[in-house]
Each structure stands twice: as structure tokens, then as C-alpha cells.
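Grab a coffee and open the viewer. Here are a few short exercises to work through, each with a solution right below.

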Amino acid sequence: MIRNDNANSVLMNIGDTFHGGVEAFYSLGNDIVAPVNALGIDIGVPGNWDFAYGPNVTRARYTNGNSPAPTPIAITQTTFPNLAANVTNTGPLFPAGTLLPATFTKTVAGVKIGFIGITSDMVPYMSPLLAAGMTFLQGETNYVNLINGLVIELNSQVPAPDIVVVMSELGIHKDQRLADLITPNTVDVFFSAHTHELTTSPLQSTSGALVVEAGNDTYLGRMDVTVLANTPHTYSWRVIPIEETILEDVAMKALIDSA
């Protein structure tokens, strides 16, 4: 419905997607993948629970099947790109560098959007086994430097992005703090997740970045951004309840029934 009203849209998915129900648990997340892929997501970030099947499943799902060992069953992959700027490979099995790309750009109706993706930093504390072969960035100063550096990289592109957003599964408390500390006027919006806080109005920050979180799976967050030449961008945020008044999608119902 939103896409029918405005074709100039981007759908973001920020974490904890392929875990949380019995269907997902007994299929290592596979039963959830087809319906999620069918949503037409443009860009995503894994959440802490997306690492909960272990590093072999994580790599098989998010890195084109690049897993260090066989998985109990074949793992269904996402069809949309995912970001995780704060996770690096360790150990001899994988080359040095980030587990997933740090940034992504997409141009919609002539407006270039730069995305920075950050997953949860708590995975090693859930269980060191879930983070085997990976290092998760820790520390507030390191995250400030990470975001500031990635903004510089994005803005070095020609053309530079018109909008820069951070998709973060660190939680709204950490994202609000980071928004206060990063270089002013460099990030437009922090789209936060992990803490499932429902923000009906954007939080303000010292840097000028807005911070929003859409709550739990019962809401869809919608941010309308108006971009006009020689005029400051305008932002309108609202949360849309997911309820039975929304007409059921026939194709999606078939995928769910199949699972």
C-alpha cells in the first residue's frame, strides 16, 4: 500500500529476523526466509538473535554460503544485501576485513542515500561460541570513530550522498548517545533497533541526527523525507500498527502456509 502511494521508497530491515518462533528454531531460520525475502527489502542488518544458530549458519545465510563447516541442513540465504560495519573476521579461515559490507548506497528518484549498518555488539556475551571467528567492536569511542570514518568514506564518493543514515542494532540508548557524539551535521537519521522502544516522535541529538525506533514487530516505522534543492531536508516520522484491518496479501499467505 505504501509503495502504491509513493514509488520512491526504501524498505529497511534492522535485525532479529530469522529467530524467535518454533518454525524458525527447528528450521535454523529457513522457514522465515522466503516470506521475508518476498517483502522486497532493500537493505538489512543482522540482529543479535540472527547469530544464535552459530557462526556456520550465520556465514551460510549472509555471506553467500561461505561457511567454514557444513551445516545440519542447507541454509536459505537472504536475497537482499546486509551490512555489519562493526564485525570483523578473525582466525585463519577467512581473510581479514569485515564480515559484511559496512556501507551501501542507493539512488531513488535522483536522491542518493548512504547507509551505514551496525549490528548488535552483545553477541559474544550471549555465548562466545556464537561469535567464533568474529570480533565485535566494543566501546563508545570506537563506535564514534567508526561512524565518523564511514561518513567521510561515503562523502568521498562522486556524487556524495544526499542523505546519510545509520541502521543500528545497538539499541536506542546507545544510538542516542552516539548521535550526540558524532561529528555534527553528518548523519541525518539513526534507525535504531534491538531495544524495541516505540518512538512516536523522533529523538533529537546534539549532532542534529534524529533517532527513531519502531518498537516491536507490531509496528512499521515510516520516515517521509522531502529533499529540495537549496533547502534543508524535512522529516516526518510515524509508526503504523500492524493489525487485522490491513488486507491479507494472497501471495504472502501462500508462502506462510507452505512453511
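The exercises below use a predicted model, and they go from a sheet to two helices.

**Exercise 1.** Work out which strands sit at the edges of the sheet that contains β5.

*Solution.* Start with the strand order: five strands line up as β4-β5-β7-β8-β9 in an open sheet, with mixed pairing. Next, look for strands that pair on one side only: these are β4 (103-108) and β9 (210-213), so to speak the two ends of the row. While you're there, check the twist: neighbouring strands are turned by 25° against each other on average, ignoring direction.

**Exercise 2.** Find out how β4 and β5 run, parallel or antiparallel, and which β5 residue faces lysine 106.

*Solution.* Recall that strands in a sheet pair through backbone hydrogen bonds, in either a parallel or an antiparallel way. Now trace β4 and β5 (residues 111-118): they run antiparallel, joined by 6 bridges. Then step across from lysine 106, and you land opposite isoleucine 113 in β5.

**Exercise 3.** Identify the strands that helix α6 lies across.

*Solution.* Pick out residues 140-155, which make up α6. This helix lies across β4, β5, β7 (163-168) and β8 (189-192). Against β5, α6 runs at about 155°.

**Exercise 4.** Decide whether α4 is mostly covered, and by what.

*Solution.* Go through residues 55-62 with the cut-off for buried, under 20% relative accessible area. Of the 8 residues in α4, 7 are buried, among them Val57, Ala60 and Tyr62. Their cover includes α3 (30-38), β3 (87-89) and β6 (134-136). Finally, look just past α4: asparagine 64 has a positive phi of about 55°.

How values were computed. Residues are numbered from 1 along each chain as its sequence is written. This is a predicted model: local features need pLDDT of at least 70, side-chain atom pairs count only at pLDDT 80 or more; totals for chains, interfaces and linings use all residues. Side-chain values use heavy atoms; hydrogens and water are left out. Helices (H or I, at least four residues) and strands (E, at least two) are DSSP runs, numbered from the N terminus. Axes are lines fitted to C-alpha atoms, for helices over the stretch in contact, and angles run from 0 to 180 degrees between N-to-C directions. Contact means heavy atoms within 4.5 Å. Buried means under 20% relative accessible area, exposed over 50%, partly exposed in between (1.4 Å probe, protein chains only).
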